[in-house]
Amino acid sequence: MIQIRRPRRSRQSAAIRDMVQETRLSVTDFILPLFVMEGQNVRSEVKSMPGIHRFSIDLLLQEVEECVGMGVKTFALFPNLPEAKKDKYATESHNPEGLYLKTVRAIKERFPDVVVMTDIAMDPYSSDGHDGIVENGKILNDPTLEVLGKMAVAQAQAGADIVGPSDMMDGRIGYIRQVLDENEFHDVAIMAYTAKYASAFYGPFRDALDSAPKFGDKKTYQMNPANSREALIEAQLDFAEGADFLMVKPALPYLDIIKLLSDNYKLPIAAYNVSGEYAMIKAASQLGWLDGQKAMAESLLSIKRAGASVILTYFAKEMATLLNER
Ligand code: PBG
């Protein structure tokens, strides 16, 4: 039987498959999110995220050291605060002696070469559990920007290399760029959470930080999962306002959005493989319903193939181990 085109010819051996492989993961693609908590010599596992812990600063530094040894050099830091430290205005978020900024300084002091990406959003510090100032049940946009600006400057002073506004207020990228520049932090980059959807997949993260909204949901600021063209508007704004990276979040249910932004923008595209995406694979794997390691590798590869060159993932360490073995 004559067939001129036989795609299977390029799949016939491991060496040939390797040669024609279009997308490859590397440990340098990953940003590992880390959770910090108060105390000394404590770590507590997040119930809905097996294998992921909140660490006190001392143990967090050990974790960073271990990751650096494996080639993972970029970290996105999030704080778990006791309820008593939270208020309406997220005051603790820009307290230089607070847990978060102390942690940033500690990491940069001990490991000056790692990249620390800080989180700009009020929710971990907000008694309302929202990403903005709440008044009469509404999230106020412009007054929230002032808090975000204070956070940005405080984080830059603490040594942040990249700030990551994850709040979805309008105009925050431009506002943050302006206050950073006014304070001479021209070199601090902004990774904009550009297309951040109102997603059910954030559940385990909110367990990790005890940061679930106290009322309502986040649909007046996070995007509707039904919309893709709106992501182009968000991207256009973030680009114009000075973002250095455009992020899509979550990742797997939004591969089309990753592709859309990577086709239309020349900035590096990041994707956040969020807590729920991690939890799904871990749960199924613990039940013996799928091979967790293979599902992890395939998911991360798909995210990169869709167009993300930077991947925030709780799998960073596990995937690094696998890549280093290969
Ligand atoms: C909010 C924020 C969220 C995540 C990080 N920062 C989502 C939310 O709670 O609305 C989610 C990350 C994850 O699920 O892994 N500022």
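Start with the whole protein chain, colored by pLDDT. The average is 98, and 100% of the residues score at least 70. This is a predicted model. Its scores are ipTM 0.98 and pTM 0.97.

**Stop one: the ligand.** Select the ligand and show what surrounds it. Which residues surround the ligand? On the list are Ala-121, Asp-123, Asp-131, Ser-166, Asp-167 and Tyr-202. Phe-205, Arg-206, Ser-211, Lys-218, Val-274 and Ser-275 are there too. Color this shell by class: five residues are charged, four nonpolar and three polar.

**Stop two: helix α10.** Select residues 292-306, which form helix α10. Check the ends of α10: the C-alpha atoms there are 21 Å apart. That agrees with expectation, because 15 residues at 1.5 Å a residue should span 21 Å. Step one residue past the helix. Just after α10, Gly-307 has a positive phi of about 130°.

**Stop three: the partner helix.** Add residues 255-264, helix α8. The axes of α8 and α10 come within 8 Å and cross at roughly 30°. Show side chains at the contact. From α8 come Leu-255, Ile-258 and Lys-259; from α10 come Ser-302, Ile-303 and Ala-306. These contact residues comprise four nonpolar, one polar and one charged.

**Stop four: the buried side of the tour.** Which residues of α10 are buried? Select Met-296, Ser-299, Leu-300, Ile-303, Lys-304 and Ala-306. Now show what covers them. The cover includes α8, along with strands β11 (269-273) and β12 (310-313). Helices α9 (275-286) and α11 (316-325) are also part of that cover.

Key: Residues are numbered from 1 along each chain as its sequence is written. This is a predicted model: local features need pLDDT of at least 70, side-chain atom pairs count only at pLDDT 80 or more; totals for chains, interfaces and linings use all residues. pLDDT is the predictor's confidence in each residue, from 0 to 100. A residue is near a molecule or strand if its C-beta atom, placed from the backbone, lies within 6 Å of it. Ala, Val, Leu, Ile, Met, Phe, Trp, Tyr, Cys and Pro count as nonpolar, Asp, Glu, Lys and Arg as charged, and the others, Gly among them, as polar. Axes are lines fitted to C-alpha atoms, for helices over the stretch in contact, and angles run from 0 to 180 degrees between N-to-C directions. Helices (H or I, at least four residues) and strands (E, at least two) are DSSP runs, numbered from the N terminus. Two residues are in contact if their C-beta atoms, placed from the backbone, lie within 7 Å. The expected span of a helix is 1.5 Å times one less than its number of residues. A residue is buried if 20 or more other C-beta atoms lie within 10 Å of its own, exposed if 12 or fewer, and partly exposed in between; C-beta atoms are placed from the backbone.
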